[in-house]
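Got your viewer open? Let's take a short walk, one selection at a time.

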Amino acid sequence: MSSTYRAVEISSPGVFSLVERKVAVLGAGQVRIRVEACGVCHSDAGTVEGQLPGVVYPRVPGHEAIGRIEEVGRRVTTWKVGQRVGVGFFGGEDGTCETCRRGDTAYCQNPIITGVTSDGRRGTRTGSNT
């Protein structure tokens, strides 16, 4: 496995660059996926055009990725290297806001949204054990 990957990054609204980035170290409960295909949809256009609130640049757009698990982190028991998997739009919740603390995680006030609040399609990506 390489220590870097290439990605198309949006450095500011409407400005694309092909960049080389360092592969992130996996955290406990995460897996790394080698992306084979990725959808592009309206939220990606909003990220590229600077139309979505809260987008911090630089950002790698793209979500709805399909690929194979390349590496598993500590405490991962349900996923295995080589499995084909998909990643959706919703990447998780913060677990700390009022709605999360109430158990209403679907209404998280600070959701993780792949390609919008966290980097999306890339040579590898991390995701939850759940």
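Start by selecting Glu 36, which is partly exposed at a relative accessible area of 41% (buried is under 20%, exposed over 50%, partly exposed in between, with a 1.4 Å probe and protein chains only). This is a predicted model, where local features need pLDDT of at least 70 and side-chain atom pairs 80 or more, while totals for chains, interfaces and linings use all residues. Residues count from 1 along each chain as its sequence is written, and side-chain values use heavy atoms, leaving out hydrogens and water.

Now add Arg 84: its side chain meets that of Glu 36 in a salt bridge (3.5 Å, N to O), meaning a Lys or Arg side-chain nitrogen within 4 Å of a carboxyl oxygen of Asp or Glu. The pair links distant parts of the chain, with Glu 36 in strand 3 and Arg 84 in strand 5 (residues 84-87), 48 residues apart; strands here are DSSP runs of E, at least two residues, numbered from the N terminus. Salt bridges with shared partners tie Glu 36, Arg 68 and Arg 84 into one network.

Next, pick Arg 21 in strand 2. Is Arg 21 buried or exposed? Arg 21 is buried, with a relative accessible area of 15%. Show Glu 9 too: a polar contact of 2.7 Å joins the two side chains (N or O atoms within 3.5 Å, one able to donate a hydrogen and the other to accept it; residues adjacent in sequence count only if both atoms are side-chain atoms).

Also in strand 2 (residues 15-22) is Leu 18, which is exposed at 58% relative accessible area.

Note on methods: Helices (H or I, at least four residues) and strands (E, at least two) are DSSP runs, numbered from the N terminus.
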